[in-house]
Structure formats: C-alpha cells, structure tokens
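Q: Got a minute to go through this one with me? I'd like to check the backbone, the metal site and the helix packing.

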Amino acid sequence: MSLKLLIIFVHLHILLAVSGEYKSYVGYKVYQVTPKTKSEQNHLRSLSLSTELYDFWSIPKKLGEKSNVLVPPKLQETFERFLRKLNITYAVAIDDVETRVQRERFLQSVVRTFSQSIKFNRYYRYDEITHYFDNLARKYPKLVTVKTVGKSFENRDIKAITISKHSIEPKNTILVDAGIHAREWIAPATALYIVHELVENYAKNKNLLKNLNWVILPVVNPDGYEYSHTKERFWRKTRKPYGNCIGTDPNRNFDFHWNEIGASSNPCSETFRGENAFSETEAIALRDLMRSISRDCKFYLSLHSYGQYMLYPWGYTESLPETWKEIDDVAQSGASAIRKASGSQYTVGSSTNVLYAAAGGSDDYALGVEEIPISITMELPSGSGSDLNGFDPSPNKIQSIVEESWIGIKAMASSVDEKFRNATKGFR
Ligand SMILES: [Zn+2]
C-alpha cells in the first residue's frame with residue numbers, strides 16, 4: 001500500500017469508527033476448528049444448530065476438515081473452554097476481523113469507476129447492477145431483456161436478465177441465480193461476469209447462445225445484500241422481522257420437505273426457515289421465475305460461497321435422486337474443466353453427502369417440484385484458495401475467481417446442451 005493510500009485508509013478508519021454507521025467487529029475472531037472424531041463433529045454440528053451466538057461460516061463436514069466460526073469477544077472464553085473440554089483441535093484463523101472488514105471497505109471505496117464497461121475489481125452495489133442491466137437492455141435490444149420478477153420485503157425490484165438470440169428453433173433454458181445469501185458477494189459478481197461474457201463478449205461465446213437461452217437473477221435477496229454492504233458485513237438472511245430478530249434464510253424457505261432437517265425454527269438463527277414455506281417474498285420471486293420457464297429449463301445453477309463444491313440434490317436426505325448420474329455428469333464436467341484450467345479442486349456430490357442435510361433449499365425444489373432435470377449449487381472459492389478469507393475475497397481477487405468459475409460454468413452449460421439438445425419440448 002502506498003503512503004498516500006495508507007493515509008486515506010487511516011482517515012477512513014477513524015471516520016468510520018466515529019460515525020458508528022457500520023456494525024463493529026472489534027475484538028471478533030474467526031476460529032478454525034477441526035473435528036478428529038465423529039463425536040467431536042456431532043458436538044460442533046449441534047452447537048451450530050442450537051445457538052445463534054456462534055456464526056458457523058462452514059460446518060464440519062468430514063473428519064480432519066477445518067471449518068470457520070465467527071465468535072464475538074464476550075463468547076471467546078466460553079467457546080475455547082467448550083473446545084478444550086471436548087479436546088477439539090482449534091486455531092485462530094482471523095485474529096482481527098474488524099481490520100479485515102475495514103480493509104475491504106477501503107478497497108471497495110477507492111475503485112469507484114463504473115464507466116461504460118463493467119470491471120471486476122470491486123463488488124457492485126444493487127443499484128449499480130440494475131443500472132448495468134438497464135444499459136445492456138438499451139444497447140443490445142435484440143439480445144437482452146430485463147424483467148422485474150418480484151419485490152423484496154423492503155420493496156426493491158428483484159430483476160432478472162434474459163439473454164436470448166432469436167431463432168425459430170426451440171431452445172433449452174439455463175437459469176442462474178446468486179445472492180440468495182447476502183454476504184456471499186462473490187456469487188453476484190460471478191453472475192454479472194456471466195452476463196458480461198454472454199452479452200458484451202457475444203462473438204466469443206455465441207456457441208453458448210446457439211441452442212440455449214440464459215436467464216440470470218444476480219441478487220435474489222437485495223435487502224440483505226445491501227445491508228451487508230452498508231451495515232453488517234456478515235449478514236446472511238432477508239430483512240423481514242420476526243419478533244425481536246430479523247430475517248429468514250431464504251434457502252431454507254422453499255416448499256419441498258420444508259423444515260424437515262438442518263433448518264432452525266428460531267428467528268434469531270442464521271438458518272431460520274421462515275414461519276412457513278414461502279413466507280419470504282424473495283423465495284416466491286425465484287419460485288415464480290422458475291415456474292415461468294420450467295418447461296424449457298434444463299439447468300438450474302445456484303451460486304453461493306464458499307468452499308469449492310458442486311452440490312446437487314438431495315439436501316433433505318442422504319438418498320440420491322433417480323437421475324443423480326445425469327446431474328453428477330454435468331457437475332463433474334464443470335469441476336474437471338476448472339481443474340484443467342487452473343488446478344483448483346472442486347468436490348462434487350449430493351449436498352447431504354458432501355456437506356450436511358438441510359431441507360427447504362432452492363436446488364431441491366427446482367428438481368423435486370419444478371422438475372428442472374439438472375440442479376446444481378456451486379459453492380465458489382474464498383479469496384485465498386483456502387478457507388481462510390471466508391466471505392471476504394479481496395476485491396483484487398474477484399477477476400481471477402470469476403474467470404475461473406466461468407470456465408466451469410461454460411463446461412456445464414455445454415454438457416447440458418449436448419444432453420438435452422434433441423429432447424422434445426416437455427420431455428424430461
Ligand atoms: Zn449460501
């Protein structure tokens with residue numbers, strides 16, 4: 001960092017500390033915990049579900065695998081005591097969360113250009129994203145249409161962009177969404193990169209539009225997304241209040257085996273499933289969009305972060321859908337394209353088997369109810385290539401992450417295209 005930048009950074013630091021506009025993470029730490037036995041793993045899992053006090057950024061999946069937990073200062077002693085009592089291996093992964101968050105905010109603020117073309121050197125705000133879409137619709141009227149598919153709780157438009165090259169032949173559709181979880185900023189960035197590549201680099205990617213239409217919804221949960229930018233960096237849920245707590249996890253709110261497992265009935269929990277299935281207007285908007293295109297939609301891709309996983313149904317049970325091999329095939333093609341291009345490793349498998357059971361997810365619903373045959377959740381990388389940066393990949397890492405992810409997404413799209421190109425309409 002140059003001296004000039006450093007001075008600005010320090011000033012910004014003081015200014016923000018004084019203004020109190022943002023939630024402070026002073027004293028917060030991210031712990032890395034590693035279960036060695038099944039029993040340690042179960043203890044950690046039940047802790048993650050039983051209390052809203054600890055924010056598990058990832059939940060222990062396999063023995064020996066690290067997962068990260070954000071812990072406020074007043075609970076650190078209790079948390080460490082709990083870990084020591086159970087003999088669970090732990091380390092402090094991020095000692096000073098506040099500085100990390102402030103650094104990101106600073107980097108976000110110094111690169112403020114949004115000229116004619118989009119640059120992937122910072123995370124864009126909701127209004128910039130919708131503005132970008134409206135520009136594209138004006139500039140490329142034959143290729144792009146933008147539609148409001150619903151309203152958020154705070155009355156923001158939930159916008160989807162359709163990219164479609166006119167042809168008399170029927171085409172299959174790919175639906176991509178992102179930002180259902182507010183803090184996973186790299187997901188909307190990746191969705192925007194897909195739009196940018198398909199529209200502004202059309203000549204390079206026209207084979208992906210020959211037999212396919214793309215519908216992209218980059219910010220499913222705009223209220224949460226904005227809140228994570230303006231108030232609380234690690235906000236995950238929607239913003240509709242329930243009693244003293246705010247927000248539902250929209251990815252536990254879909255009406256397919258809703259509330260059966262891995263979701264909380266406590267409105268204060270990060271995985272609160274809502275007061276009933278589809279209690280959240282954001283989940284309804286996504287459902288209605290899915291339904292409106294489900295006849296031709298062959299591939300639903302939901303972008304999340306983090307962990308480098310290609311996950312598919314079911315999330316509510318460890319048993320697999322009858323067609324799991326078809327889905328696995330597509331997911332593997334994405335993982336292997338990425339591995340070949342950059343060496344990055346993605347783990348492929350069903351959500352329950354690779355991660356943990358969680359019912360009410362949009363990917364289960366897409367396959368189980370809307371019968372979209374290929375349904376995949378892609379957990380994008382964190383900034384460092386390890387879990388260390390969590391939701392906080394530095395803005396200067398965005399370009400390389402979205403480029404790498406696009407390689408995998410292109411491979412999956414081509415695989416879906418091949419599988420379904422000759423399928424008659426309505427055939428599944
Ligand atoms: Zn997520």
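Q: Where is the place of Asn87?
A: Asn87 sits in the loop between helix 3 and strand 4 (89-94). Keep in mind that this is a predicted model.

Q: What is the phi of Asn87, positive or negative?
A: Positive, about 65 degrees, although Asn87 is not a glycine.

Q: Which peptide bond at Tyr306 is cis?
A: The one from Ser305 to Tyr306, with omega near 10 degrees. Tyr306 is in the loop between strand 11 and strand 12 (309-312).

Q: And what joins Pro313 and Trp314?
A: A cis peptide bond, omega about 5 degrees. Trp314 belongs to the loop between strand 12 and helix 11 (324-342).

Q: On to the metal. Which protein donors does the zinc ion have?
A: His181 through ND1, Glu184 through OE, listed twice, and His304 through ND1. They lie 2.1 to 2.4 Å from the zinc ion.

Q: What angles do the donor atoms make?
A: They run from 56 to 149 degrees among the 4 donor atoms. The site counts as irregular.

Q: Why not tetrahedral?
A: Tetrahedral needs all angles between 85 and 135 degrees. The angles here span 56 to 149 degrees, so the zinc site is classed as irregular.

Q: How are the donor residues spaced in sequence?
A: The pattern is H-x2-E-x119-H. Glu184 and His304 are 120 residues apart and link distant parts of the chain. Glu184 is in the loop between strand 7 (172-178) and helix 6, while His304 is in strand 11 (residues 297-305).

Q: Now helices. At what angle do helix 5 and helix 6 cross?
A: Roughly 15 degrees, with the axes of helix 5 (residues 126-139) and helix 6 (residues 186-200) coming within 12 Å. That makes the two roughly parallel. The crossing is left-handed.

Q: Which residues make the contact?
A: Helix 5 brings Ile129, Tyr132, Phe133 and Leu136. Helix 6 brings Leu192, Val195, His196, Val199 and Glu200. The split is 7 nonpolar, 1 polar and 1 charged.

Q: How do helix 2 and helix 3 cross?
A: At roughly 155 degrees, and the axes of helix 2 (residues 38-50) and helix 3 (residues 76-85) come within 11 Å. Helix 2 is therefore roughly antiparallel to helix 3. Helix 2 passes helix 3 in a right-handed crossing.

Q: What's in that contact?
A: His43, Leu44 and Leu47 from helix 2, with Phe79, Phe82 and Leu83 from helix 3. Of these residues, 5 are nonpolar, 1 is polar and none is charged.

Terms used
Residues are numbered from 1 along each chain as its sequence is written. This is a predicted model: local features need pLDDT of at least 70, side-chain atom pairs count only at pLDDT 80 or more; totals for chains, interfaces and linings use all residues. Side-chain values use heavy atoms; hydrogens and water are left out. Axes are lines fitted to C-alpha atoms, for helices over the stretch in contact, and angles run from 0 to 180 degrees between N-to-C directions. Helices (H or I, at least four residues) and strands (E, at least two) are DSSP runs, numbered from the N terminus. Angles under 35 degrees count as roughly parallel, over 145 as roughly antiparallel, 65 to 115 as roughly perpendicular and the rest as oblique. A crossing is left-handed if the near helix is turned anticlockwise from the far one by less than a right angle, and right-handed if clockwise. Contact means heavy atoms within 4.5 Å. Ala, Val, Leu, Ile, Met, Phe, Trp, Tyr, Cys and Pro count as nonpolar, Asp, Glu, Lys and Arg as charged, and the others, Gly among them, as polar. Donors are N, O and S atoms within 2.8 Å of the metal (3.2 Å for Na, K and Ca); water is not among the atoms, so sites may look incomplete. Four donors count as tetrahedral if all angles lie between 85 and 135 degrees; four count as square planar and six as octahedral if opposite donors are over 155 degrees apart and all others between 65 and 115; anything else is irregular.
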